[in-house]
Amino acid sequence: MPEVLEGGNRGFPAAYHYESSSMDRGAAAKSFNALSEAVLPTMGAILVRGLPVASPQDFSQFMAQTGLKLVDYIGGVTSRPAVAPRITPTSTEPSHVSMEPHVDNPYWPKPPTHLVLYAQTPAAEGGQSILTDARGVLRQLQRDEPGILAQLKERRVRYNHFYPDRSSQSGGNVITSWQEALAADCSGSCNATIKAEANLRQGGFSFEWTPGGLRKWELSDAVKPHPVSGEESWANMITAMHCSVFDNHLDYRALNRAPSLRGVPCKMRGLMPYDTSFGDGGHFPVEMVAAIRKAQWNHSVSFDYEPGDVLLIDNYLAMHGRFSWRPEIKREIFMAMVQQG
Ligand SMILES: [Fe+2]
């Protein structure tokens, strides 16, 4: 992680303030849509302040009034129980975990096109948003690392997930079980295994049951055509889901590697919940992962949320992340996923 974020694009994200004497949420949603259509394709991310939204329920109603097609979060890296219709917390990872730039669910057959984040209670200290200009990342890699892009184009990316069974979780050591990730809405007489398999098949995922849980995997392109414009887009989680994340992960001490041992590729092992590799299973070279991280951080900015902020992100044109905060500090950020095109 760099000492200083310089961004590389001073107007990123585009920032606006909604001015209206009315609390008419429908009118605000209409303005929000117009802004999105006019600015998002150019800027990749828009921050809007002053919208008439003061709770997750307000946010849910606001999103419904935009007319955008909202989708559920199923089968991701962290569990996200819904708090209002189609609204979830941004992540349930512990507060001491910083999350490097990534796009959400690039391994879905049709990844979400937009993410909309709502800041109910920003952290009083820490917990800043990270945003990354993905166009800038791709430009830097095209200029400095054409060999990496050529390899990724030829060999693609494999996303590997391991979801332990709920009964095998211990010591807060595991991010999410398969029951939480794939059958969270299953209760009473519902069979969780059948529900999870139905969700997996619907999502087009490959999977296998293991004695301790479930493995699933997907092959995907690192650079994808934008679903609306067709523009080549850096839309992947190569680094944020790479096994090197666990070199210093506080909740996975058994997977930590000493700095002197980080010069060779790591691999998925133990209770590691995810990893990325080439599509053919080959490990990414250490230098390649470092070059990608460098390009991503070179085009990243960070800012403190204000209460009520709504952040609209094109999931193909901008990456997002967050910095950690102290556990005694309250922070509530909610999100909706959009599928357009
Ligand atoms: Fe995310």
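The following exchange concerns a predicted model of a protein chain.

Colleague: Which residue ranges form domain 1 and domain 2 in the domain assignment?
Modeller: The assignment divides the protein chain into two domains. Domain 1 is written as two ranges, 14-135 + 295-338, and domain 2 is 156-284.

Colleague: How many residues does the contact take from domain 1 and from domain 2?
Modeller: The C-alpha centres of domain 1 and domain 2 lie 22 Å apart. The contact between them takes 27 residues from domain 1 and 29 residues from domain 2.

Colleague: Which strand gives the most to the side of domain 1 that touches domain 2?
Modeller: By class, that side of domain 1 has 16 nonpolar, nine polar and two charged residues. The strand that gives the most, with four residues, covers residues 99-102 and is strand 5.

Colleague: Which strands stand at the edges of the sheet with the order 5-16-7-14?
Modeller: This open sheet has four strands with antiparallel pairing, and the twist averages 20° from one strand to the next. An edge strand has a single partner strand, so one side of it is left without a neighbour in the sheet; this applies to strand 5 and strand 14 (300-303).

Colleague: In strand 14, which residue is the bridge partner of Leu-131?
Modeller: Strand 7 (residues 129-133) and strand 14 run antiparallel and are joined by four bridges. In strand 14, Leu-131 has as its bridge partner Val-301.

Colleague: At about what angle to strand 7 does helix 3 run?
Modeller: Helix 3 consists of residues 134-144. This helix lies across strand 7 and strand 16 (318-322), and its angle to strand 7 is about 50°.

Colleague: Why is one side of strand 9 and of strand 13 left without a neighbour in the sheet?
Modeller: The sheet concerned is open, with four antiparallel strands in the order 9-10-8-13. Its neighbouring strands are turned by 20° against each other on average, direction ignored. Strand 9 (206-210) and strand 13 are left open on one side because they stand at the edges, each with a single partner strand.

Colleague: Which residues are the bridge partners of Asn-160 in strand 10 and in strand 13?
Modeller: Strand 8 (residues 157-164) pairs with strand 13 in the antiparallel sense over five bridges. Strand 8 also pairs with strand 10 (residues 213-220) in the antiparallel sense, over eight bridges. For Asn-160, the partner in strand 10 is Trp-217, and the partner in strand 13 is Asp-275.

Colleague: How many residues of strand 13 are buried?
Modeller: A residue counts as buried if 20 or more other C-beta atoms lie within 10 Å of its own. Strand 13 (residues 274-278) is mostly covered, and the number of its residues that are buried is five of five.

Colleague: Which strand gives the most residues to the largest nonpolar core?
Modeller: The largest nonpolar core has 67 residues, and those that touch the most other members include Ala-45, Val-116 and Leu-117. At least three residues of this core come from each of domain 1 and domain 2. The strand that gives the most, with six residues, covers residues 332-338 and is strand 17.

Colleague: Leaving aside neighbours within four places in sequence, with which residues is Leu-117 in contact?
Modeller: Leu-117 is among the residues that touch the most other members of the largest core. With neighbours within four places in sequence set aside, its contacts are Thr-90, Leu-311, Ile-333 and Met-335.

Colleague: Where is Glu-93, and does it count as buried, exposed or partly exposed?
Modeller: Glu-93 is placed in the loop between strand 4 (88-89) and strand 5. Because it has 18 C-beta neighbours inside 10 Å, Glu-93 counts as partly exposed.

Colleague: What is the value of phi near Arg-86?
Modeller: Arg-86 lies in the loop between strand 3 (70-71) and strand 4. It has 18 C-beta neighbours inside 10 Å and therefore counts as partly exposed. Its phi is positive, in a residue other than glycine, and is near 60°.

Colleague: Is the peptide bond from Phe-12 to Pro-13 cis or trans?
Modeller: Pro-13 is found in the segment before strand 1 (14-17). With omega near -5°, the bond from Phe-12 to Pro-13 is cis.

Key: Residues are numbered from 1 along each chain as its sequence is written. This is a predicted model: local features need pLDDT of at least 70, side-chain atom pairs count only at pLDDT 80 or more; totals for chains, interfaces and linings use all residues. Domain bounds come from an automatic or database domain assignment. Two residues are in contact if their C-beta atoms, placed from the backbone, lie within 7 Å. Helices (H or I, at least four residues) and strands (E, at least two) are DSSP runs, numbered from the N terminus. Ala, Val, Leu, Ile, Met, Phe, Trp, Tyr, Cys and Pro count as nonpolar, Asp, Glu, Lys and Arg as charged, and the others, Gly among them, as polar. A residue is buried if 20 or more other C-beta atoms lie within 10 Å of its own, exposed if 12 or fewer, and partly exposed in between; C-beta atoms are placed from the backbone. Two strands pair if DSSP finds at least two bridges between them. Axes are lines fitted to C-alpha atoms, for helices over the stretch in contact, and angles run from 0 to 180 degrees between N-to-C directions. A nonpolar core is a set of buried Ala, Val, Leu, Ile, Met, Phe, Trp, Tyr and Cys residues joined through C-beta atoms within 7 Å.
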